[in-house]
Amino acid sequence: MRAVEVAMRAYARRYGEDEELWAIAGVLHDMDYEKYPEEHPYRAVEELRRLGYPEEVLEAILGHASYTGTPRRTRMAKALITAAVYVRPDRSILGLELPSLKKKFKDKAFAKGVNREEIRLGAEELGVPLEEHMAFVLEAMKQEARLLGLEGA
């Protein structure tokens with residue numbers, strides 16, 4: 001299980017949405033990034049559309065990359081642009097508290113590939129204060145620490 005899947009499942013439960021569908025969007029949203037970074041997420045969506053995935057999932061995947069210009073109309077799409085990352089050198093999330101995460105979030109060296117502006121925007125579009133979003137995802141990850149491999153050494 002990946003952290004983004006945990007976060008998407010938790011948000012789906014929070015909003016009474018289809019947990020499996022939201023998890024699929026979380027798991028597949030970056031499937032083309034390593035092989036086709038310049039064409040991401042267009043390649044993924046093209047293949048998923050061919051395979052018959054629901055448009056709601058495809059729209060969320062396109063919407064998580066702001067440069068596609070795809071509006072984030074659904075809660076799923078708004079939740080997907082937020083990020084969950086591995087945050088501790090000891091690989092344990094269990095002792096991580098919100099003040100420490102907020103401090104790390106400000107450090108540009110921490111999770112360099114994460115677009116903080118998109119995280120802020122995603123929380124805003126969900127109608128959730130950034131701090132509340134961070135606390136929510138952190139708690140969801142703590143509940144699934146074993147599955148995520150984040151219980152520590």
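A nonpolar core is a set of buried Ala, Val, Leu, Ile, Met, Phe, Trp, Tyr and Cys residues joined through side-chain atoms within 4.5 Å. The model shown is predicted, so local features need pLDDT of at least 70 and side-chain atom pairs count only at pLDDT 80 or more, while totals for chains, interfaces and linings use all residues. Residues are numbered from 1 along each chain as its sequence is written, and side-chain values use heavy atoms, with hydrogens and water left out.

**Figure 1. The largest nonpolar core has 41 residues.** Tyr11, Trp22, Met76 and Met141 touch the most other members of this core. Its largest share, nine residues, comes from helix α1 (residues 3-15). Helices (H or I, at least four residues) and strands (E, at least two) are DSSP runs, numbered from the N terminus. Buried means under 20% relative accessible area, exposed over 50%, and partly exposed in between (1.4 Å probe, protein chains only).

**Figure 2. Surroundings of tryptophan 22.** Leaving out residues up to four places away in sequence, tryptophan 22 touches Met8, Tyr11, Ala12, Tyr15, Glu17, Arg75, Met76 and Ala79. Contact means heavy atoms within 4.5 Å. Two of the residues named here, Tyr11 and Met76, are listed with Trp22 among the core residues that touch the most other members.

**Figure 3. A nonpolar patch on the surface is made by Ile24, Leu51 and Tyr53.** The area of the patch is about 240 Å². Patches are made of residues with over 30% relative accessible area and no salt bridge; like charges are joined within 9 Å, and nonpolar side chains (Val, Leu, Ile, Met, Phe, Trp, Tyr) within 5 Å. A salt bridge is a side-chain nitrogen of Lys or Arg within 4 Å of a carboxyl oxygen of Asp or Glu. Accessible areas come from the Shrake-Rupley method with a 1.4 Å probe, and for residues only the protein chains shown count as cover. Isoleucine 24 lies in helix α2 (residues 19-28). With a relative accessible area of 30%, isoleucine 24 is partly exposed.

**Figure 4. Proline 99 in helix α6 (residues 98-106).** Proline 99 has a relative accessible area of 61% and is therefore exposed. Between proline 99 and glutamate 131 there are 9.4 Å in space, C-alpha to C-alpha, and the two are 32 residues apart in sequence.

**Figure 5. The protein chain as background to the close-ups has nine helices and zero strands.** Buried residues make up 45% of its 153 residues. The C-alpha atoms fill a box of roughly 45 × 35 × 30 Å, taken along the principal axes.
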